[in-house]
Amino acid sequence: MEEVDKILIHSLRQAGTLVPPEIQSVRDFPPELVVEAAVRCVRVVRPALGAPLSTLLPPGMSARFRLASDLASACQELGFSGDVGYQTFLYSSEHDTRRLLLFLVEKLPRDEAEGGAEPPGKSGTLLRAISACIRDQLGTPWVPPRCRTPRFQRLQGVGHLHPFSTCPLILPHTGGSPELQEYFRGAAPPVPAQPPQPARAPPALLETHTAQLSTHHNWETEWGSIGLASRLPPQEYVGRKRLQARLRALESLRQACPPRPYGPPEGSLDPAWLQGAFGAGGETGGALPKGSRFTRTQHLTHEQDPQVLLQQVRVAAEALPPSKGSEEGMGMRQAGEEAALEATLARLEVEIEGRRGEAQAAQLGLAQAEAEVRQGRLALGSRQDALRLKAQALELLPDAQGNLAKLQLVVEASSQRIVSLAGQWERHRGPLLAEYRHLRALRDSAQLESSRRLSEIRALHERSCSAADEARRKEELYKQLVLELEALPRDISRAVYTRRILEIVGNIRKQKEEIGKILVDTRVLQKEINTLVGKLERTFSVTDELLFKDAKRDEVVRKAYKYLAALHENCAQLIHTIEDTGTIQREIRDLEEQIEENIRQVKLSSPDYKGCAQEEVVADFLKRIDCYKATYEPLDDQLDSDLSYIKIFDVGVRYLANRVQGHVQSRTVYYLMNIHVTPRAIYLSRHGESQLNLRGRIGGDSGLSPRGRQYATALAEFIRNQHIRDLKVWTSHMKRTIETAEALDVPYEQWKALNELDAGVCEEMSYEEIQARYPQEFALRDQDKYRYRYPKGESYEDLVQRLEPVIMELERQENVLVICHQAVMRCLLAYFLDKSAEELPYLKCPLHTVLKLTPVAYGCEVESIFLNVEAVNTHRERPQNVDVSRATAEALLTVPDHY
Amino acid sequence: MLRLLEKLPPGQALEFLHKIVDGICGRAYPRYQDYGSAWSLTEWMEVLEETVAYFKTAVGRNMSDEEVAEQVTELNSNYQEAITKCLKGRKEEIRNALVERVNAISSTQLQDFDWQLKLALSSDKISMLQMPLLNLDLDVRENGEIKPISIEMNKEELQNLINALEAANKVVLQLK
């Protein structure tokens, strides 16, 4: 947008609107400016429309309104298709204004400059050519080098790219010697041919021209400022300037060099010397010979001195001729002469001094020259060497063919020698290589062998280890067996067992024979029954046929037939009855067996038959049943219907509850209906050791300690190994039991009723703290732990009430694992083991121990399994002194150790 | 010593001499293939060296015409004439060339330069740069070899360089 605005503002300025420079975009346009811009544009586009409109926005509201409306209609007349009205100008939005102004600017006549007259002359042509070339280059897309047509090659190739380097040119000019003019006329090459490469001609030309131009300019300015002021003709001025410059240069050079007392023998600074010093004829002009600087310095510094001396001598000589003065002036003259002579003497002395110095300098120069000569000789030697080399090369050149042939011969000979050497090397190399390979193979095989041996040794070692292990194990087993053997009573010999086993085997065989006999009898009996039934049927049908024929004629026979039919019927009934009797007898036998089984299962664990053999128990109890039969009689549905009783058929298959009334009776029915005798196991476990257990504090809801987590995994392992069918897992709502159950990785149920006993104000306190803060409460609890209720907490009695639904559900369920807390576990254990309320709070339920309860008749079998994970002890025995006034030490006597 | 020059046809002598002068003045020397018919390679090298040395000595020592003529008396008069003509005509030019060479007394000297103006549109760090850069190529003669030196400068650096050069120019102007 900024670009657009810039263009727009530029166009508006061209149309005559004065847009202040601080306004950069259409957004900043005030209404006055919009109106002015629009009016000016309209005036340019169509003067007739724009003439009556004012470019200034009048102050009056109505006048403003009129002007804006006129302007809007003018714009519409010009063909503006957008929405335009007075509001466009007076209350303009940026977007509308920009659109309108763009439209107006587009309507403006095109700028003259674009297609207008071009600058005339050579520069114009050049510019045109350049612009055409650039347009040509810009108009074509870039093409990769391989795809270029000749035209593209010309435009985009590298052929026309040259370094823009120059070389000196010689341009013909007037003046100079006639020979030079002749040269320009004849032999001089044209300018484009002068540079070594034609591409260097334009830069060289440019360079030369620039140099000439700048020289000219410089001269002009200098002549204009200083030259005229000197009032000298130009040539003289230049000459003087050159002299000055040379003097100044000499001055600076002299300052730069160390002074030297004596001048060199030569009189003037000659260019030939300079030429020599600066390496005349040397093509590598830049590099100067060493040591020449000093020589140069001598030249430059002392060129004037000899002239000065000469002058002095001349002055002295002029002073020498004696003047023919008067006699009286003789003395004066002599004195003058004397003085002059003295002066001359002094001068001569000075001169002698100078000469001596010169001699020294000459010696120095000599030494220097000698050094130079030595250097030169060295250079000469090297040059001679080079020359010899070149000469040899040149000598060889004329007979190039022959030499080449010779060279080739030499080359061939050497190549043959190389070939033969290579052959020899090959000959030597073959056996060496073979030997090397052989040795390597040997080494490899040896390595293989050794590694094989190593692995064998390792295997042997392992085997010996395992054998040693096995031996140790067997030894242990042997020791154990020996111990067991020693423990066994000595009197029972093996023969007894053997005899008994043989007896059993014999019995089995006898029984088998009996069974076989019975089976045979049964089959014979069945056959007999079948033949008898068949005979009967046949007899009946024959008799039936005989009688039926005569029945129509004889009355007696008819009667007989009737009797026969009745007989037939009775006979069938009889047979049926006999069969029924058989089934009933079988049932009775089954029932008797069941009773026996029941007796065996239930009555065996009865306290009455403790330590009795199974057969004895069964026999005895059967006798007892007979006694019961004599004394008791069964309840009769009709006759005893006014009594309250519960009948249980076949251990819970069917219940008959008659006239059950009241709470206790109905609870009993409920209870009886919930219990079952399916063999199962209840596993009781406390949670794993918790953080608060570690610190000896009660209650709380902390997580497991590391050992607690270890127990959780051990419990999971234990449960897995038990392979329990349909195990239900119950936990409380507390963190420690849930964390323990999580490790089992089986579904579990959370019971709020299983939560630990609420210790009220003593939650998360250690026994020491409780003693310190509530000594009286502590003592009271010890006095009657079952009924004591913590302030704001629970007692064991409350807990038992709370646990009743849990117990009922436990009775209903089969295999259950209950992960609970110390007090809860005590209550459950007390229920299953039928402990009293006094015993209950002191039951031992240690951490990390699973109690496996197997319900049997008249109680439960308890198996305590410690899962071998250490834990703190949380069991606190009842102390001796439970009086309220007891000492702290006495109260804390039985507190278990903790951190 | 310039005897060998006589092997050249007299018509070509002047042209050959002029070409040699061109070479001294920094343009192309004559090429052997153009004169191979006249001299062998050894002779060619000798004649080239001798002629160049002769011209340089003649101009550098600022010899008078007689002295110049003395050195080539052994030659044919045609050739003498050609040499004199050439020398007279080109004396000033050769002198300028020699003065230039003496001027180049320092170990390194600027021979030529070239420049290109570029507009860097972006760099590896900035996507919109639009920075004009000047690439200045300097051909510097160092120990007789031309060594190209290329410098890329932005506006400020170029201004610094120009300022330094102007200061140097002022010192040179004071010397004049």
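Here are some worked exercises on a predicted two-chain model, chains A and B.

Residues are numbered from 1 along each chain as its sequence is written, and chains are lettered from A in the order in which they are written. Since this is a predicted model, local features need pLDDT of at least 70 and side-chain atom pairs count only at pLDDT 80 or more, while totals for chains, interfaces and linings use all residues; side-chain values use heavy atoms, with hydrogens and water left out.

**Exercise 1. Get your bearings in chain A: how many helices and strands does it have, and what share of its residues is buried?**

Step 1. Take helices (H or I, at least four residues) and strands (E, at least two) as DSSP runs, numbered from the N terminus. Chain A then comes to 28 helices and 8 strands.

Step 2. Call a residue buried under 20% relative accessible area, exposed over 50%, and partly exposed in between (1.4 Å probe, protein chains only). By that rule, 27% of the 899 residues of chain A are buried.

Step 3. Now look at contacts, meaning heavy atoms within 4.5 Å. Take those in chain A between residues at least 6 apart in sequence: 57% of them join residues at least 24 apart.

**Exercise 2. Work through the salt bridge of Glu426(A) and Arg429(A): where do the two residues sit, and are they buried or exposed?**

Step 1. The rule asks for a side-chain nitrogen of Lys or Arg within 4 Å of a carboxyl oxygen of Asp or Glu. For Glu426(A) and Arg429(A) the N to O distance is 3.2 Å.

Step 2. Both residues belong to helix α16 (residues 400-487) of chain A, and because they are 3 residues apart there, about one helical turn separates them.

Step 3. Neither end is buried: Glu426(A) is partly exposed at 44% relative accessibility, and Arg429(A) is partly exposed at 32%.

Step 4. Try another pair, Arg558(A) and Glu555(A), whose salt bridge is 3.2 Å from N to O. These two lie 3 residues apart in helix α18 (residues 555-602) of chain A, about one turn of the helix. Arg558(A) is partly exposed at 35%, whereas Glu555(A) is exposed at 53%.

Step 5. For chain B, pick Lys147(B) and Glu142(B), which form a salt bridge at 3.0 Å, N to O. Lys147(B) is partly exposed at 42%, and so is Glu142(B) at 30%.

Step 6. Over all chains there are 37 salt bridges. Some are joined up: Glu449(A), Arg452(A), Arg453(A) and Glu456(A) are linked in a network.

**Exercise 3. Describe the interface of chain A and chain B: what area is buried, and how many salt bridges cross it?**

Step 1. Count residues: 28 of chain A are in contact with 28 of chain B.

Step 2. Buried area is the accessible area (1.4 Å probe) that two parts lose on being put together, summed over both. Here that is about 2,700 Å², with carbon and sulfur atoms giving 58%.

Step 3. The salt-bridge rule finds 0 across this interface. There are, however, 3 residue pairs in polar contact, both residues at pLDDT 80 or more. (A polar contact is a pair of N or O atoms within 3.5 Å; within protein, one must be able to donate a hydrogen and the other to accept it, and residues adjacent in sequence count only if both atoms are side-chain atoms.)

Step 4. On the side of chain A that touches chain B, α9 (178-185), α11 (234-256) and α12 (271-277) each supply at least two residues. The most come from α9(A), with 4 residues.

**Exercise 4. Find the largest nonpolar core: which residues have the most contacts inside it, and which element gives the largest share?**

Step 1. A nonpolar core is a set of buried Ala, Val, Leu, Ile, Met, Phe, Trp, Tyr and Cys residues joined through side-chain atoms within 4.5 Å. The largest has 42 residues, with the most contacts made by Leu684(A), Leu754(A), Val818(A) and Leu828(A).

Step 2. Elements giving two or more residues include β3 (682-686), β6 (816-820) and α27 (822-833) of chain A. The largest share, 8 residues, is from α27(A).

Step 3. Zoom in on Leu828(A): not counting residues up to four places away in sequence, its partners include Leu684(A), Ile807(A) and Cys820(A).
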